[in-house]
Amino acid sequence: MADLAGRLWRMSATGLCFIVFGLGGVIGRVLIFPLLRIVVRDERRRVLLARRLIRAAFCAFVALMRGLGVISVEVHGRERLQRHGMLILSNHPSLIDVVLLMAMIDRADCIVKSALAHSPFTSGPVRAAGFVFNDTGAGLVDDCIRSVRAGHNLIVFPEGTRTPRGGPMQLQRGSANIALRGGLDITPVRIRVTPPTLSKGEPWYRVPPRRAHFVVEVDPDIPIADFAPSPGREAVAARRLTDHLTQYFSRKPAHGTA
């Protein structure tokens, strides 16, 4: 009976959290970000302020989920995220991975679906923050490199989507191309969640039997010089780096998830 009551509470609390998240997005679109556009005329300063507002909102959202007992969070190597101009690559087991990371990282940028620019819940924040859109075609890699070189911290999920529960990791080569073409060292992040929750294809109301515990590991940078291609061998280097990243993200974490 206690287990059932706990699961019902977490289901209700999860629903409440996402309602709050949606309302926050609408308020941002209707009130906060239009006002920011009027008050702050300089685009660069406006983007930085928008990203800080988003970070504050995500910190509040994570605090709400933790306070209601929906999740707990454990972070190792957080100090490695206290820099600017990073290319951050992470695995993607859960719907809220980007929220967790952006709550920890100053001046965070990310690649977002162009559809989010038209959603009533997300269009205000993503447009005001100047995030990289994934519909820029051949210019996407250049946009990503430009963001990092401008001092922003770009978060990329090499899989391109959430990892299917129990399925093998399938990394795309886009993140490797960004690192190699930009000559950018990689800050790798591994996220583990036990029990699994908010996985790909899983509805929000299918809560786990106990509170989900997130472990976020930030490891030392991967030097891109170790994978620098020789002339005419760019595709080979991208494949080699992608294979290395697949092995890295498939390893068991150094810290437990209990």
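**Exercise 1.** Which residues does I155 touch, not counting residues up to four places away in sequence?

*Solution.* The model is predicted. Start at I155 and leave out residues up to four places away in sequence; the residues touched are then I88, L101, M102, I105, A108, D109, C110 and I111. Next, place I155 in its surroundings: the largest nonpolar core has 44 residues, and I155 is among those that touch the most other members, together with I71, I96 and F214. Then turn to the elements that give two or more residues to this core: the helices α1 (2-39), α2 (43-67), α3 (97-104) and α4 (123-129), and the strands β1 (71-76), β3 (108-112), β6 (186-194) and β7 (212-218). Finally, a separate second core, of 26 residues, includes V132, L154, L180 and I222.

**Exercise 2.** Determine why α3 counts as largely enclosed by the rest of the structure.

*Solution.* Buried means under 20% relative accessible area. List the residues of α3 that meet this: D97, V99, L100, L101, M102, A103 and M104. Seven of the eight residues of α3 are therefore buried, so the helix is largely enclosed by the rest of the structure.

**Exercise 3.** Describe how α5 and α6 pack.

*Solution.* First take the geometry: α5 (residues 140-149) and α6 (residues 174-182) have axes 9 Å apart, at an angle of about 60°. That angle makes α5 oblique to α6. The crossing of the two helices is right-handed. Next, find the residues in contact: α5 supplies V141, D142, C144, I145 and R149, while α6 supplies N177, I178, R181 and G182. Last, sort the contact residues by type: four are nonpolar, two polar and three charged.

Notes: Residues numbered from 1 in each chain as written. Predicted model: local features only at pLDDT ≥ 70, side-chain atom pairs only at ≥ 80, totals over all residues. Heavy atoms only, no water. Axes fitted to C-alpha atoms, helices over the stretch in contact; angles between N-to-C directions. Helix = DSSP H or I, 4+ residues; strand = E, 2+ residues; numbered from the N terminus. Parallel < 35°, antiparallel > 145°, perpendicular 65-115°, else oblique. Left-handed = near helix turned anticlockwise from the far one by under 90°. Contact = heavy atoms within 4.5 Å. Nonpolar A, V, L, I, M, F, W, Y, C, P; charged D, E, K, R; others polar. Core = buried A, V, L, I, M, F, W, Y, C linked by side-chain atoms within 4.5 Å. Buried < 20%, exposed > 50% of the residue type's maximum accessible area, 1.4 Å probe, protein only.
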